[in-house]
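Here is a friendly walk through one protein model. Have a look at the fold, then read on.

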Amino acid sequence: MAENGNPNRVLFYAHFNKLGRVEEYVYYQLEKMRGIFGTIVLVSNSPLPEDDQRRLGQLCDHVSQRDNIGYDFAAWREGMQHFGWDKLAHCDEVTVMNDTCFGPIFDFQVTYAQMQSRGVDFWGMTTNLALTDLLENSSGETIFAPEHIQSYYMTFNAPVVSSEVFADFWHGIQDYADVLDVIDHYEIRLTKLLADNGFTFDSYYDATAYWGKQEMNKTEVDISAFSTGDMKKYNPGFTCNRPLWLLETVDRYPFIKTKFVRLVPAQLDAIRAFITANTDYPMQLIDSYIGGRYYDLWKEKDADVKYVLNSNTFKLGKVMIAPFRLLKRLITGKNPDVFGQRA
């Protein structure tokens, strides 16, 4: 196992992969986190091949699998149950994270130290503005989303971790079958719940610092602004929509969401150029993810990914995985998916 970080820090990591495998960028991510956290508990909401289980065991203190019900919040809850509620309450810092982002693009030790120096009770990577009528629940009802930290990464310091409100929140997590209900009840509510109980928070990039403390609604959202670059005209939840802007504008921004590949494939090659020129992050991790995942989906004629195929990242990634496909065919006499079967 890689050298552990601070023994009083615990990371609960939620994993899910539609194709039933662990991507290389996840291993890189866990290796970087290993130097910060004394304990890493990984809960996968999808099946893990035996080879991946063994490899994860070199980076994590506990690895378990479950059905993808309740999504990442239920996975984090189960990780906390395994770790032990009594032990959890005595930790200095508890972090929840999932595998929906590439990175850290820059040295995360520096990012972590910078955020800890701000002296707040809990923090994350990005804060979204309040949204009055842009989200719906599973019943199609419009819901209000208060200002909140996005849940793909959140760190809670001792005052929060030892509090009754924190414990009650996690004990109360239900296994919702629809992700919209998870977002409605948990992701967009946790920040306000803690803030209403007197805890302070901050984020590495705060959308409210750009727009000011205001609420966004449908009349203020202009989807055409995705291409024009007018940042004030669309939904501030732009970690998926404007990753290049974040990398170029926010100093040493550490993560980019994997979903950007599907949502804004036109930014793929520019992001490749930025990462290659400005960071030490292995761009081949993104290339192989795109080349493998989208090749597999393309084979199945998944219409949702056709526009990714013209990017250099897809073409390079496809070339990168070709030798592994050939090797597996020679060994097995078959030509299956080298990365595992679709879940």
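## Finding the helices

Helices here are DSSP runs of at least four residues, numbered from the N terminus. With that in hand, we can place a residue such as Gln-109, which is found in helix H5, covering residues 108-116. Please keep in mind that this is a predicted model.

Gln-109 is partly exposed, with a relative accessible area of 40%. Leaving out residues up to four places away in sequence, Gln-109 touches Gly-35 and Ile-36. Gly-35 is 74 residues away from Gln-109 in sequence, yet their C-alpha atoms are 8.1 Å apart in space.

## The chain as a whole

How many helices and strands does the protein chain have? The secondary structure comes to 15 helices and 13 strands. The chain has 343 residues, and 54% of them count as buried.

The surface can be described too: the protein chain exposes about 15000 Å², with carbon and sulfur atoms supplying 50% of that area. Now think about contacts between residues with a separation of 6 or more. In this chain, 72% of those contacts are between residues 24 or more positions apart.

## Two helices side by side

Let us turn to H1 (residues 24-34) and H2 (residues 50-57), whose axes come within 11 Å and cross at roughly 15 degrees. Angles under 35 degrees count as roughly parallel, and H1 and H2 are therefore roughly parallel to each other. Their crossing is right-handed. On the H1 side, the contact is made by Glu-24, Tyr-27 and Leu-30, while H2 brings Asp-52, Arg-55 and Leu-56.

H1 is also mostly covered, as 8 of its 11 residues are buried. Among them are Tyr-27 and Leu-30, two residues that also take part in the contact with H2. The buried set of H1 further includes Tyr-25, Val-26, Tyr-28 and Gln-29, along with Met-33 and Arg-34.

## A helix with a buried face

Which residues of helix H13 are buried? In this helix, which spans residues 268-278, they are Leu-268, Ile-271, Arg-272, Phe-274 and Ile-275. Looking down the axis of H13, you would find these buried residues within an arc of 165 degrees, so they line one face of the helix. Thr-276 and Ala-277, on the other side of H13, are exposed.

Just along the chain is Val-264, in the loop between helix H12 (260-263) and H13. Is Val-264 buried or exposed? Val-264 is buried, with a relative accessible area of 14%. Setting aside neighbours within four places in sequence, Val-264 is in contact with Cys-240, Asn-241 and Pro-243. Arg-242 is 22 residues from Val-264 in sequence, and the two C-alpha atoms are 7.9 Å apart.

## Two residues of H3

Ala-75 has its place in helix H3, which runs over residues 71-83. With a relative accessible area of 1%, Ala-75 is buried. What does Ala-75 touch, once residues up to four places away in sequence are not counted? The list is Ala-14, Val-43, Asn-45 and Arg-66. For Val-43, the C-alpha to C-alpha distance to Ala-75 is 5.7 Å, although 32 residues separate the two in sequence.

Tyr-71 is found in H3 as well. Tyr-71 is partly exposed, with a relative accessible area of 22%. Its backbone deserves a second look, which brings us to the next topic.

## Unusual backbone spots

Most residues other than glycine have a negative phi, and most peptide bonds are trans. Tyr-71 has a positive phi of about 60 degrees although it is not a glycine. Arg-252 is another non-glycine residue with a positive phi, in this case about 55 degrees. Arg-252 sits in the loop between helix H11 (243-249) and strand E13 (256-257), and is partly exposed, with a relative accessible area of 32%.

Where is there a cis peptide bond? One joins Gly-103 and Pro-104, with omega at about 5 degrees. To find Pro-104 in the structure, look in the loop between strand E5 (101-102) and H5. H5 is the helix where we met Gln-109, so to speak our starting point.

Note on methods: Residues numbered from 1 in each chain as written. Predicted model: local features only at pLDDT ≥ 70, side-chain atom pairs only at ≥ 80, totals over all residues. Heavy atoms only, no water. Buried < 20%, exposed > 50% of the residue type's maximum accessible area, 1.4 Å probe, protein only. Arc of directions from axis to C-beta. Contact = heavy atoms within 4.5 Å. Areas by Shrake-Rupley, 256 points an atom, 1.4 Å probe, with all protein chains shown as cover. Axes fitted to C-alpha atoms, helices over the stretch in contact; angles between N-to-C directions. Parallel < 35°, antiparallel > 145°, perpendicular 65-115°, else oblique. Left-handed = near helix turned anticlockwise from the far one by under 90°.
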